[in-house]
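Got your viewer open? Let's take a short walk through this one together, one selection at a time.

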Amino acid sequence: MLGLPDHIRAFLFDLDGVLTQTAKVHAAAWKDMFDSFLRAEAERTGEEFVPFDPVEDYDAYVDGRPRLDGTREFLASRGIRLPEGTPADPPGTRTVQGLSAVKNLTVLRMIQEQGVQPYPGSVDYLHRLRVLGLPRAVVSSSANCRDVLRAAGIDGLFDVVIDGVVAKRENLPGKPAPDTYLAAARALRVPPEHAAVFEDALAGVASGRAGGFGAVVGVDRVGQADALREHGATIVVKDLAELIGPDTGTDEGS
Ligand SMILES: O=P(O)(O)OC[C@H]1O[C@@H](O)[C@H](O)[C@@H](O)[C@@H]1O
């Protein structure tokens with residue numbers, strides 16, 4: 001069925017980097033925030049400034065995870081531990097919340113300036129699933145998910161959205177834990193072994209593996225196919241267009 005084993009009946013998509021071209025915007029916003037912070041730390045301590053690597057550091061510590069987890073994980077990789085703070089901390093406060101607030105303002109500004117482009121292959125795939133009446137969910141760690149879906153013009157294509165706002169409200173642990181994907185499968189009333197997860201992040205394919213999903217599609221936008229497989233992808237494609245065979249054609253969305 002659309003490039004996946006026949007027992008797959010439900011389709012669960014990550015947002016940033018799978019449906020929309022926003023993973024690189026997030027990576028740039030994280031770099032902007034962490035580099036300002038690390039520069040200030042280097043001045044304060046007299047130690048060398050080592051910038052945030054938007055590929056290696058982003059993939060290993062930030063990509064796919066909820067915002068506060070991303071901040072904490074990267075700082076821990078540099079041996080830095082900050083107080084947690086509160087959501088009321090002004091952006092730039094030397095706390096996990098204060099740094100995360102700066103990153104959010106930056107990503108929102110970048111998104112407003114650049115707009116949001118969906119991946120055409122993903123839009124085509126979604127339209128084909130809709131024509132076939134197959135259930136679809138978005139499962140994103142982002143608290144900005146609904147706005148990004150709307151800005152990309154694809155907000156009407158899903159039966160269920162589990163995003164950073166829902167996860168916080170329902171107390172669901174973020175990726176790489178499987179809980180948000182499991183919640184989406186439950187909402188679609190499909191057991192995980194009959195559902196497919198689509199992910200570009202290492203933390204995301206790890207969620208798919210941990211949840212026992214029937215297929216974990218690693219979407220390799222940046223040349224990390226081997227790492228996606230190692231972390232749990234059962235299939236790796238560069239774009240969802242590769243999954244659309246010549247015999248599955250419909251006119252809608254193509
Ligand atoms: O800061 P937000 O918009 O709530 O998003 C949290 C995370 O959401 C994920 O979808 C992205 O892969 C991460 O890069 C991002 O940091």
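Which residues of α9 are buried? Select residues 202–210, which make up helix α9, and look: the buried ones are Leu202, Ala203, Gly204, Val205, Ala206, Ser207 and Gly208. That makes the helix mostly covered, with seven of its nine residues buried. Keep in mind throughout that you're looking at a predicted model.

What covers α9? Now add α2 (56–62), α8 (179–187), β4 (195–199), β5 (215–219) and α10 (225–231) to your selection: the buried residues of α9 pack against these elements. Then click on Gly212, just after α9, where the backbone takes a positive phi of about 70 degrees.

Next stop: the core. The largest nonpolar core has 49 residues, and Leu12, Ala185 and Ala196 touch the most other members. Pick Leu12 and light up its contacts beyond its neighbours within four places in sequence; among them are Ala137, Val139, Tyr181, Ala185, Ala196 and Phe198. Apart from this core lies another, of 19 residues, including Trp30, Tyr61, Val96 and Leu99. As a general rule, nonpolar side chains in soluble globular proteins tend to be buried together.

Last, head to the ligand. Of the 18 residues around the ligand, select His26, Arg67, Ser142, Ala143 and Asn144, which come nearest. Colour the shell by residue type and you'll get six nonpolar, nine polar and three charged. Helices α1 (23–45) and α3 (67–77) each supply at least two residues of the shell. Finally, colour by domain: domain 1 (10–21 + 116–248) and domain 2 (24–114) each give the shell at least three residues.

Note on methods
Residues are numbered from 1 along each chain as its sequence is written. This is a predicted model: local features need pLDDT of at least 70, side-chain atom pairs count only at pLDDT 80 or more; totals for chains, interfaces and linings use all residues. A nonpolar core is a set of buried Ala, Val, Leu, Ile, Met, Phe, Trp, Tyr and Cys residues joined through C-beta atoms within 7 Å. A residue is buried if 20 or more other C-beta atoms lie within 10 Å of its own, exposed if 12 or fewer, and partly exposed in between; C-beta atoms are placed from the backbone. Two residues are in contact if their C-beta atoms, placed from the backbone, lie within 7 Å. Helices (H or I, at least four residues) and strands (E, at least two) are DSSP runs, numbered from the N terminus. A residue is near a molecule or strand if its C-beta atom, placed from the backbone, lies within 6 Å of it. Ala, Val, Leu, Ile, Met, Phe, Trp, Tyr, Cys and Pro count as nonpolar, Asp, Glu, Lys and Arg as charged, and the others, Gly among them, as polar. Domain bounds come from an automatic or database domain assignment.
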